[in-house]
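Student: Could you take me on a close look at one part of this structure? I'd like to see how two chains meet.

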Amino acid sequence: MYGYPNDRLVMDEAEFEAYVQGGGQVEAGDPMPDDYRKALVKFIEMHGNSELMGVLPEREWILRAPTLQRKLALTSKVQDEVGHAQLIYRVVEDLGKPREACLDDLVAGKTKFHNVFHYPTKTWGDVGVIAWLVDAAAIISQKALLKCSYAPYARIMKKICWEESFHILHGRDVILTMMNGTEEQRELVQEALDRWWGPLMQFHGNPIPAADDPMYRWRIKSQANEEARQQFLDGYVPQIRELGLTVPDPQLEKRKDGVWEYSEPDWDELKWVVTGHGPETERRLGFRQASREETAWVRRAVLADAA
Amino acid sequence: MNFPRRLGPSGAGRSRASPGGSRAGQGTGMIWEVFRQEREGQPFQHGGSLEAPNLVFAEAYAREFYGRRDESFALWIVPREAVKEVREPYVAEVFDRDYRRVDGYSLKVKLKEARERAGTSRAG
Amino acid sequence: MNAQALLELADDELVLGWRDSEWTGIAPFLEEDVAFSSIAQTEIGHARAWYELAAKELGTDADALAFDRDPAEYLCAPFVELRLVHDWAQTIARHWLYESADAIRIDALKSSDDPDIAGLAEKVDREEVYHRMHAAMWEERLRGEPAFQKAVDDLWPSAAALLPPDQRATLATIVGKDVPSNRLLLAHERGQHSDDFRPLWEEMTMVRRSVPGASW
């Protein structure tokens, strides 16, 4: 049982599941099943880790941005992502796991972050493709989280989704400018798309039946992985093709019933990458840890004797 | 709006979190709650929380997080400890207190009687 | 005020903003990361505004001035070129010294005979209020830290050299130091670049140079 005698919110796990499935909301101070709390922390922490790690590939290009406007827009985008990490880790902290513990586990490889942030960026074409397509894939998942049963998380998702809308515009602008530019620039975009397509198709995860997934039973997630992927393809394949770009999957095709068919993504690669074996994983985690160590004295000096 | 319980010896028993607790970062900064006014004249609504060593830093960060896109007309910044959360605030749920509700009043019959006495009742 | 003087100002802001943007994503803690990134963006934004004024006079555009000159043609002071990232004490020391110095020169520009310059200086000054608050906030918090004091001492000659000679005494009074000797200042004067500048310029212009003349 959760809660105390005489507590109106006393619920066993079955009642709690029915409560959240019926649209019931849970706040930070509410009694909740331990498994629900653990699942929440794991899911939300991974999101925070992803925002934080996603910053690393992009921040290199801030320094290389080829116009003042692009430099400003990209710095602003990355700044938003750091801000999202802050919002997300605050939610995790209020669930019982402090920020420093999250960062410790991240750099130790004990917790995960999304596959796309384990890959290298090679050209300005990557900058456009990431802001346009990787962010688009992420936003689809994030919009579904607006209905999360855990209210503090649903609330920050509202601010996050609003800020992400600027990122997609920036991405589209970068891509369109290059596609309208020189042949060399168009090749940069196509080449980046060729490299990012595989990870993009893996991004939403392999299809799992909702009934088997506790994340759905507890309404932490409210969208199936395959549904998210289909939404992404529906929205973005036409956008990609109308620019004269080629999606590097000869089997990609929309059936008459509206369902997209595609080559089976490499699920082994996905698993291998998210368990810490991506091409850039070790270097980026090392960089994160080095940055933390170099600035540890600042946190001690500034935050330790808060007054 | 619900604020997480402070944990540890000072908390009252309903906590469920891990021993580390949700107390702001265990020896790191204080937690501040930021309320924002979306537009002039609107109520202040909770925007989020942030960690800072003191009010000067908290204000700097609140401006950044809730104002850098010029999205807030005004902000209130409050230390988390200053906020007392009251769950289920209804104070008296046993006896009916219909005098506090609109449906506690039934005037139709009395109004009809009063109009008849005054000769002002409407033709049927 | 001629284009050369405008370019000195613009180049200072561009290069300092570029240096400050190196901290985006890796600042000491997340809240500060967001705040410091805004400061970097404002610096770039101010650089753009000064470039646009210079561009009118020179018949070009702001991006061409920011990205298409040879390293020797940039007029920034060595102070802003120094690579300080990963050292927060030095970064904040420079931030505090720069804001103190910049306040003096912006104030002087507000009285310029040229209405465009006076007007822009007025706008810049209003936004700099936030930078000065931020720098003061950090200076107060770190002034007891030996690393910060040492950073201020080490960077002081370079900071003084940022300003024209007639403004240096004012800066010295504000930060509580003596104007360095000419011998000390020589290595930091405008008109030369530090060793850190060339790698910065290479990275800053690499995408731009990869397809010359292209729109991005």
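Tutor: Let's look at the place where chain A and chain C touch. First, a bit of housekeeping: this is a predicted model, where local features need pLDDT of at least 70, side-chain atom pairs count only at pLDDT 80 or more, and totals for chains, interfaces and linings use all residues. Residues are numbered from 1 along each chain as its sequence is written, while chains are lettered from A and ligands numbered from 1 in the order in which they are written.

Okay, the contact takes 33 residues from chain A and 36 residues from chain C; two residues are in contact if their C-beta atoms, placed from the backbone, lie within 7 Å. On the side of chain C that touches chain A, the largest share, 10 residues, comes from α2(C). Helices here are DSSP runs of H or I with at least four residues, numbered from the N terminus. That side of chain C has 19 nonpolar, eight polar and nine charged residues. Ala, Val, Leu, Ile, Met, Phe, Trp, Tyr, Cys and Pro count as nonpolar, Asp, Glu, Lys and Arg as charged, and the others, Gly among them, as polar.

Now zoom in on α2 (residues 30-58) of chain C, which packs with α3 (residues 68-94) of chain A at an angle of about 170°, their axes 9 Å apart. Axes are lines fitted to C-alpha atoms, for helices over the stretch in contact, and angles run from 0 to 180 degrees between N-to-C directions. So α3(A) is roughly antiparallel to α2(C), a label for angles over 145 degrees. Among the residues that meet are A:L68, A:T75 and A:V82 from α3(A), and C:L30, C:S37 and C:I44 from α2(C). By class, this helix contact has eight nonpolar, eight polar and four charged residues.

Key: Helix = DSSP H or I, 4+ residues; strand = E, 2+ residues; numbered from the N terminus. Parallel < 35°, antiparallel > 145°, perpendicular 65-115°, else oblique.
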